[in-house]
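Welcome! Here are some short exercises, each followed by a worked solution. Take your time, and look back at the picture whenever you like.

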Amino acid sequence: MTKYDIETKTVDMLKTVFDPEIPVNVYDLGLIYKIEVTEVEEPKEDAQFDVNVDMTLTAPNCPAADFIMEDIQQKLDMIKGVRTATVNLVFEPEWNKDMMSEEAKLDLGFM
C-alpha cells in the first residue's frame, strides 16, 4: 500500500459523507481543506500511515456538526493501512459557495 493509495481511499471515503441537510458529499461541497498522509516509523500490524484531515462546516453553528465529524472519523478509521486518523475542525478560511466542485454547484442549482 502506498501513500497515494491511502490518499485516494481517503477521498473516496469522504465522498460517502453527507451533511443531512444538503444532498452533496462533504468533499464536493469543499468542506475538506487538507488531507495529509504520513508514513509512520513504527507501523501497527499492517497499518503504516496516519491520516490528518482539516475540514470546516458550511456554518459554525451547523446542527449536524457532531454527526458529520463522527461519520468522517468512523469511515477514515475503516481504511485498511491507516494506523490513526485525525479530523480537525477549522474555520479559516471561512467556507463559501465558490469552494464547491462544479458538480456540486450543478446539483444545488448554483450554475
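**Exercise 1.** Find the residues that Thr38 touches, not counting residues up to four places away in sequence, in this predicted model.

*Solution.*
Step 1: Locate Thr38, whose place is in strand β1.
Step 2: Look for heavy atoms within 4.5 Å. Leaving out residues up to four places away in sequence, Thr38 touches Gln48, Phe49 and Asp50.
Step 3: Now look towards Glu7. Thr38 and Glu7 lie 31 residues apart in sequence, and their C-alpha atoms are 9.9 Å apart in space.

**Exercise 2.** Decide whether Thr38 is buried, partly exposed or exposed.

*Solution.*
Step 1: Recall the cut-offs: buried means under 20% relative accessible area, and exposed means over 50%, with partly exposed in between.
Step 2: The relative accessible area of Thr38 is 35%.
Step 3: This value falls between the two cut-offs, so Thr38 is partly exposed.

**Exercise 3.** Describe the surroundings of Arg83.

*Solution.*
Step 1: Go to strand β3, where Arg83 is found.
Step 2: List the contacts, again without residues up to four places away in sequence: Arg83 touches Val40, Glu42, Lys44, Ala47, Phe49 and Asp50. Phe49 and Asp50 also appear among the contacts of Thr38.
Step 3: Check the accessibility. Arg83 has a relative value of 29% and therefore counts as partly exposed.
Step 4: Compare sequence and space. Arg83 and Ala65 are 18 residues apart along the chain, while their C-alpha atoms are separated by 24 Å.

**Exercise 4.** Which residues does a cis peptide bond join, and where is Pro93 found?

*Solution.*
Step 1: Start from the background: most peptide bonds are trans.
Step 2: Here, a cis peptide bond joins Glu92 and Pro93, with omega at about -5°.
Step 3: Place the proline: Pro93 is in the loop between β3 and α3.
Step 4: Add the contacts. Beyond four places away in sequence, Pro93 touches Tyr33 and Met99.
Step 5: With 47% relative accessibility, Pro93 counts as partly exposed. Its C-alpha atom is separated by 18 Å from that of Glu36, 57 residues away along the chain.

**Exercise 5.** Place Asn96 and say how accessible this residue is.

*Solution.*
Step 1: Asn96 sits in the loop between β3 (82–89) and α3 (102–107).
Step 2: The relative accessible area of Asn96 is 33%, so this residue is partly exposed.
Step 3: Val26 is 70 residues from Asn96 along the chain, and 13 Å separates their C-alpha atoms.

**Exercise 6.** How many helices and strands does the protein chain have, and how compact is the chain?

*Solution.*
Step 1: Count the elements: there are 3 helices and 3 strands.
Step 2: Read them from the N terminus on, and the order is α-β-β-α-β-α.
Step 3: The radius of gyration is 14 Å, close to the 13 Å that the globule rule gives for 111 residues, so the chain is as compact as a globular protein of that length.
Step 4: Turn to the inside: buried residues make up 40% of the 111 residues.

**Exercise 7.** Where is the confidence lowest, and where is it highest?

*Solution.*
Step 1: Begin with the whole chain: the mean pLDDT is 93, and 100% of the residues reach 70 or more.
Step 2: Go through the elements. Confidence is lowest in strand β1 (residues 32–44), at a mean of 91, and highest in helix α1 (residues 3–14), at 97.

Key: Residues numbered from 1 in each chain as written. Predicted model: local features only at pLDDT ≥ 70, side-chain atom pairs only at ≥ 80, totals over all residues. Heavy atoms only, no water. Helix = DSSP H or I, 4+ residues; strand = E, 2+ residues; numbered from the N terminus. Rg over C-alpha atoms; globule rule 2.2 N^0.38 Å. Buried < 20%, exposed > 50% of the residue type's maximum accessible area, 1.4 Å probe, protein only. pLDDT = per-residue confidence, 0-100.
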